[in-house]
Amino acid sequence: MRNHTKMLILIGLAVASILLYVFYELNGNYHYAFPRRLIKVVAMSLTGIAIAYSTVVFQTITHNRILTPSVMGLDALYMMVQTFIYYFFGSMSIFVISAQYNFLLAVSAMVVFALLFYRVLFKEGKRPIYFLLLVGMIVGTFLGSVTTFFQVLIDPNEFLSLQSKMFASFNNVNSDLVWLAAIAIIVAFIYGWRHMSQLDVMSLGRDTAINLGVPYDKLVQRMLILSSVLIAVSTALVGPITFFGLIVANLSYQFFKTYKHSVLIAGSCVMSIVALVGGQWMVERIFNFDTTLSVIINFVGGVYFIYLLLKESRSAG
């Protein structure tokens, strides 16, 4: 089967999932239920596209298919920002009550962190990408420890309110945040799409890419920052989803079997829409909200991550 046909099948599944979610048991309630379902679909689609795109780009940069941008500590930073807001300002502060202020503060903190992080590490010359990953994992662990410490000190009633920020949720998405996130993701996607052919060359390795005229180091910095912006926006919009990018990116590699990032990224984005919209429909209609989509994704993603580790170890042996 050609990749073009496979893509059309995925697009058909995505459209079917969206129609099923929006119109299933709508019962003519077009004034209340329809716009709310539509906003949730847009939020899920934007989140899936941002995570899928950033994961594929990140794995191309690191030349490793079992890594995701979360290893840089952005999820931990998001939770630390939310914890600090509740600890220092309380659950009745403007940064909690106003979803817009909370969103802008979280995104700004993560983007500034990413910029400073990469600027410091790349300042003294060329650093191996694995050095960057190692420092990112250490920083993420440190931020997680700081967050846990302050969560212990928070008033129990405040902590109950904070818990809603710990898991990804599509049930109470603010429509204003969706459009802010849409603008940021569209701008980042357009900028990144211009470098798609360079990513194809970058996947051949640093030396080969430089010999073929690709400004490798500058492109790595730009793509890392772009991935951080997309992850920051998606995390601030719905919350952290740890393993989702790992699943859709690797499924795209297996399904399309091509080196072209235009196909891989588009395929992973469409897969993410199918997974999120279809999964949320199952959570609401089949499981009756007895669980959350993030729990299912993290469970499936954790199992899949272990499978990939075992597969890699067998290949290396």
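This is a short talk about two surface patches and a few of the residues in them.

Hi everyone, and thanks for having a look at this with me. One thing up front: the model is predicted.

Let's begin with the nonpolar patch. Leu8, Ile11, Val15, Leu19, Phe23 and Tyr30 make up a nonpolar area of about 560 Å² on the surface. I'd like to pick out two of its members, Ile11 and Tyr30.

Ile11 sits in helix 1. Is Ile11 buried or exposed? Somewhere in between: its relative accessibility is 38%, so Ile11 counts as partly exposed.

Now to Tyr30, and where do we find it? Tyr30 is in the loop that runs between helix 1, residues 3-23, and helix 2, residues 33-62. Its relative accessible area is 48%, and because exposed means over 50%, Tyr30 is classed as partly exposed.

What does Tyr30 touch, if we set aside its neighbours within four places in sequence? The answer is Phe23 and Pro35. Phe23, you'll remember, belongs to the nonpolar patch along with Tyr30.

Here is a distance for those of you who like to click along: Tyr30 and Val71 are 41 residues apart along the chain, and their C-alpha atoms are separated by 42 Å.

Let's move on to charge. Which residues form the patch of positive charge on the surface? They are Arg65, Lys257, Lys311 and Arg314. Take Arg314 from that group: it is part of helix 14, which covers residues 293-316. With a relative accessibility of 57%, Arg314 is over the 50% cut-off and therefore counts as exposed.

That's my tour, and I'm happy to take questions.

Methods
Residues numbered from 1 in each chain as written. Predicted model: local features only at pLDDT ≥ 70, side-chain atom pairs only at ≥ 80, totals over all residues. Heavy atoms only, no water. Patch = residues over 30% accessible without salt bridge, like charges linked within 9 Å, V, L, I, M, F, W, Y side chains within 5 Å. Areas by Shrake-Rupley, 256 points an atom, 1.4 Å probe, with all protein chains shown as cover. Salt bridge = Lys/Arg side-chain N within 4 Å of Asp/Glu carboxyl O. Lys, Arg positive; Asp, Glu negative; His and termini not counted. Charge placed at Lys NZ, Arg CZ, Asp CG, Glu CD. Helix = DSSP H or I, 4+ residues; strand = E, 2+ residues; numbered from the N terminus. Buried < 20%, exposed > 50% of the residue type's maximum accessible area, 1.4 Å probe, protein only. Contact = heavy atoms within 4.5 Å.
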